[in-house]
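Reader: I have a model open and a list of terms I only half understand. Can we go through them one by one?

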Amino acid sequence: MTSFDEPSIYNLLTVEETKQQKPKKYTSKFRPNVREEYVAGRDESKTMGPAKVPAPQPTDYLKKHEKEPQLPQKKEFRYPDEERKKPAIPKKDEAPLMGLKTNKNFINTNAVENITAVPKQPTKKYVDTRHGDTHNLIPSGYEPVFVHKKDFGEVPVYLAKRKEEVKRAQEEYDQYIAEHFKRGALRQLTEDERKAILDGLKANWEDIQDQYQSLSVVTDTYPKKQRKERMEAQMKQLERDIELIESHKIIYIGN
């Protein structure tokens, strides 16, 4: 490798300088449009030239009181109906026409109307501040307005309809039971049989409950977990059966 600091014959040769060519600068194709839109609308009246106004004439100079408002000419005031003919003044022997005469006694009539009139009911109001601010009571919601309705206290139509449907369903069920009784397909449990079944279910539940309480607290093996779940399922089923028998006093079974 040759160093320029050391004397060498190659240093006497002319070395052409090589310039590094840079890549062309990116130019957007929308640049002319952006430039036109940016310049557009500026000084629109600049190219219109001066306003075409006629030059003032030497004779049109400002005169005295020229800018003051021009008032209309003074005229004598007259009423618009002044030309209408007024009625003449009645004479001494002429009585003016005052309308129809009546013999009605207004004092007695007004007294009777006031005596027989129904007294006006005062408006219900309530006071909500210590300064005595009053408000109407009826639109406030404190007055039970619904009790004054025509259908207040009546049974709704949908409840009566539902009651009829329940009654019809009960009649159909009773008819079905009666038909099966005639054929001997069903019989009713006696109270002693029902009580015996109920006591047996409760005894089974207590037995499983005692076994369940004697289980280990830690269920670390699969058999323990399976036995615990089986006992819980049996207890829930017994509880459902006990509730079903207690809620129905009359029970039918097939022969």
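Reader: Where does histidine 65 lie?

Author: This is a predicted model, so keep that in mind throughout. Histidine 65 lies in the loop between helix H1 (31–39) and helix H2 (106–116).

Reader: What makes histidine 65 count as partly exposed?

Author: Its relative accessibility is 46%. Buried means under 20%, and exposed means over 50%. The value for histidine 65 falls in between, so the residue is called partly exposed.

Reader: What is noted about phi of histidine 65?

Author: Phi is near 60° there. That is a positive value in a residue other than glycine.

Reader: Which other residues lie in the loop between H1 and H2?

Author: Lysine 86 is one of them. Lysine 101 has its place there too.

Reader: How do you know whether lysine 86 is buried or exposed?

Author: Take its relative accessible area, 71%. The cut-off for exposed is over 50%. Therefore lysine 86 is exposed.

Reader: And lysine 101, buried or exposed?

Author: Lysine 101 has 85% relative accessibility. That value is over 50%, so lysine 101 counts as exposed.

Reader: What separations are given for these two lysines?

Author: The C-alpha atoms of lysine 86 and methionine 235 are separated by 114 Å. Along the chain, that pair is 149 residues apart. For lysine 101 and lysine 228, the C-alpha separation is 111 Å. Those two are 127 residues apart along the chain.

Reader: Let us move on. Why is glutamate 143 called buried?

Author: Glutamate 143 is found in the loop between strand E2 (134–136) and helix H3 (157–183). Its relative accessibility is 19%. Buried means under 20%, so glutamate 143 counts as buried.

Reader: What makes the link between glutamate 143 and lysine 124 a polar contact?

Author: The side chains of the two residues are joined at 3.0 Å. The limit for a polar contact is within 3.5 Å, so the distance fits. Leaving aside neighbours within four places in sequence, glutamate 143 is in contact with Lys124, Leu137 and Ile138.

Reader: Is histidine 148 buried or exposed?

Author: Histidine 148 also has its place in the loop between E2 and H3. At 63% relative accessibility, it passes the mark of over 50%, so histidine 148 counts as exposed. Its C-alpha atom and that of leucine 201 are separated by 56 Å.

Reader: Now the helices. Why is H4 called roughly antiparallel to H5?

Author: Two packed helices are described by the angle between their axes and the distance between the axes. Helix H4 (residues 191–213) and helix H5 (residues 222–247) pack at an angle of about 155°, with axes 10 Å apart. Angles over 145 degrees count as roughly antiparallel, and that makes H4 roughly antiparallel to H5. H4 passes H5 in a left-handed crossing.

Reader: Which residues meet there?

Author: In H4 they include Arg194, Leu198, Leu201 and Trp205. Those in H5 include Met231, Met235, Leu238 and Ile245. The residues of the contact divide into 11 nonpolar, four polar and seven charged.

Reader: How do you know whether arginine 194 is buried or exposed?

Author: Arginine 194 lies in helix H4. Its relative accessible area is 7%. That is under 20%, so arginine 194 is buried.

Reader: What does the side chain of arginine 194 reach?

Author: It reaches the backbone oxygen of isoleucine 245 at 3.0 Å. The backbone oxygen of histidine 248 lies 3.2 Å from a polar atom of the arginine 194 side chain. Both distances are within 3.5 Å, so they fit the limit for polar contacts. Leaving aside neighbours within four places in sequence, arginine 194 is in contact with Ile245, Glu246, His248, Lys249 and Ile251.

Technical notes
Residues numbered from 1 in each chain as written. Predicted model: local features only at pLDDT ≥ 70, side-chain atom pairs only at ≥ 80, totals over all residues. Heavy atoms only, no water. Axes fitted to C-alpha atoms, helices over the stretch in contact; angles between N-to-C directions. Helix = DSSP H or I, 4+ residues; strand = E, 2+ residues; numbered from the N terminus. Parallel < 35°, antiparallel > 145°, perpendicular 65-115°, else oblique. Left-handed = near helix turned anticlockwise from the far one by under 90°. Contact = heavy atoms within 4.5 Å. Nonpolar A, V, L, I, M, F, W, Y, C, P; charged D, E, K, R; others polar. Buried < 20%, exposed > 50% of the residue type's maximum accessible area, 1.4 Å probe, protein only. Polar contact = N/O pair within 3.5 Å; in protein donor to acceptor, adjacent residues only side chain to side chain.
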